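Please work through the exercises below with the sequence and the structure at hand. Try each task before reading its solution.

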Amino acid sequence: MLPILYSYRRCPYAMRARMALQYSGIELEHREIELKNKPQSMLLASPKGTVPVLCVDGKVIDQSLDIMHWAIAQSDPDKWGDIDESIGQIWIDKNDDPFKKLLDQYKYPNRYPELIQENILSAIEDLMLKPMETALQSSQYLLGNKMTWVDVAIFPFIRQFSMVNQQRFEQLPYPSMKRWLNQFLESDLFNSVMQKHPTWKE
Ligand SMILES: N[C@@H](CCC(=O)N[C@@H](CS)C(=O)NCC(=O)O)C(=O)O
């Protein structure tokens with residue numbers, strides 16, 4: 001039986017998982033869900049109700065980073081996993097917690113009427129964009145001149161940020177970060193995992 005992936009096209013966590021699965025050449029059954037109407041079989045497998053969820057070999061893997069690691073453990077042709085894990089983890093911790101929170105505040109200003117958007121943007125620049133620019137000025141990717149799973153895990157969130165206010169994003173002075181982002185946006189890997197799937201029905 002093929003592994004089953006419950007996914008939602010626009011979810012950045014699902015994107016990073018899909019990119020890793022595609023990179024590793026994993027054949028799977030893709031089940032596109034609606035967040036407002038999650039399939040019972042997904043909730044039975046993973047009651048917390050977030051995507052992505054991968055069901056494989058009788059196991060349920062329901063954290064995007066765990067799915068990425070599982071995929072890379074199956075096949076890692078370009079050595080995405082060959083990194084200093086402690087440095088990788090620093091980027092991931094920053095991305096998945098404080099940056100994600102700021103991103104939600106930036107994306108949904110009406111949910112946070114007490115916050116000023118330009119202040120959120122400044123916080124995002126200090127936390128994420130400036131350190132990324134510094135790293136990407138001296139190397140092509142975040143951890144050196146080779147793409148790793150850390151770049152792939154962070155990219156969908158930077159993409160989401162860039163799309164909140166595209167005009168404002170264009171004014172921001174981070175050419176190396178934009179080069180890095182564009183390279184992903186134009187990649188076959190990303191574009192292949194963004195193909196549309198009809199919603200899966202139980
Ligand atoms: N820590 C989880 C987070 C996944 C997550 O939050 N996914 C969102 C979609 S982007 C979700 O499924 N939210 C549930 C909902 O909106 O009902 C992971 O890394 O897989």
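Four exercises follow, each with a solution in steps.

The model is predicted, and local features are taken up where pLDDT is at least 70, side-chain atom pairs count only at pLDDT 80 or more, and totals for chains, interfaces and linings use all residues. Residues are numbered from 1 along each chain as its sequence is written.

**Exercise 1. The sheet**

Find the order of the four strands in the open sheet, and work out which strands stand at the edges.

Solution. Begin with the terms: strands (E, at least two residues) and helices (H or I, at least four) are DSSP runs numbered from the N terminus, and two strands pair if DSSP finds at least two bridges between them. Reading across the open sheet gives the order β2-β1-β3-β4, with mixed pairing. β2 (29-32) and β4 (59-61) each have a single partner strand, so they stand at the edges and one side of each is left without a neighbour in the sheet. From one strand to the next the twist averages 15°, where axes are lines fitted to C-alpha atoms and angles run from 0 to 180 degrees between N-to-C directions.

Next, follow β3 to its partners. Strand β1 (residues 4-7) runs antiparallel to β3 (residues 53-56) and is joined to it by three bridges, with Tyr6 opposite Val53 and Leu5 paired with Leu54. β3 and β4 are also antiparallel over three bridges, and here Leu54 stands opposite Ile61.

**Exercise 2. Two backbone features beside β3**

Locate the cis peptide bond that joins Val51 and Pro52, and then decide whether Asp57 is buried or exposed.

Solution. The cis bond between Val51 and Pro52 has an omega of about 5°, and Pro52 is found in the loop between α2 (40-45) and β3. In general, most peptide bonds are trans, and most residues other than glycine have a negative phi. Asp57, in the hairpin of β3 and β4 with two residues between the strands, takes a positive phi near 50°. A residue is buried if 20 or more other C-beta atoms, placed from the backbone, lie within 10 Å of its own, exposed if 12 or fewer, and partly exposed in between. Asp57 has 8 C-beta neighbours inside 10 Å and therefore counts as exposed.

**Exercise 3. The ligand shell**

Determine which helices each supply at least two residues of the shell around the ligand, and sort the shell by class.

Solution. A residue is near the ligand if its C-beta atom, placed from the backbone, lies within 6 Å of it; among the residues that surround the ligand are Tyr8, Tyr13, Val51, Pro52 and Ser64. The helices α1 (12-23) and α3 (64-74) each supply at least two shell residues. By class, the shell has eight nonpolar, four polar and no charged residues, with Ala, Val, Leu, Ile, Met, Phe, Trp, Tyr, Cys and Pro counted as nonpolar, Asp, Glu, Lys and Arg as charged, and the others, including Gly, as polar.

**Exercise 4. The core**

Explain why the largest nonpolar core lies between domain 1 and domain 2.

Solution. A nonpolar core is a set of buried Ala, Val, Leu, Ile, Met, Phe, Trp, Tyr and Cys residues joined through C-beta atoms within 7 Å. The largest has 49 residues, and Ala20, Ile67, Met68, Ala71, Ile124 and Trp149 have the most contacts inside it. Elements giving two or more residues to this core include β1, β3, α4 (85-107) and α5 (117-138). Domain 1 (4-78) and domain 2 (85-188), with bounds from an automatic or database domain assignment, both give residues to this core, so it lies between them.
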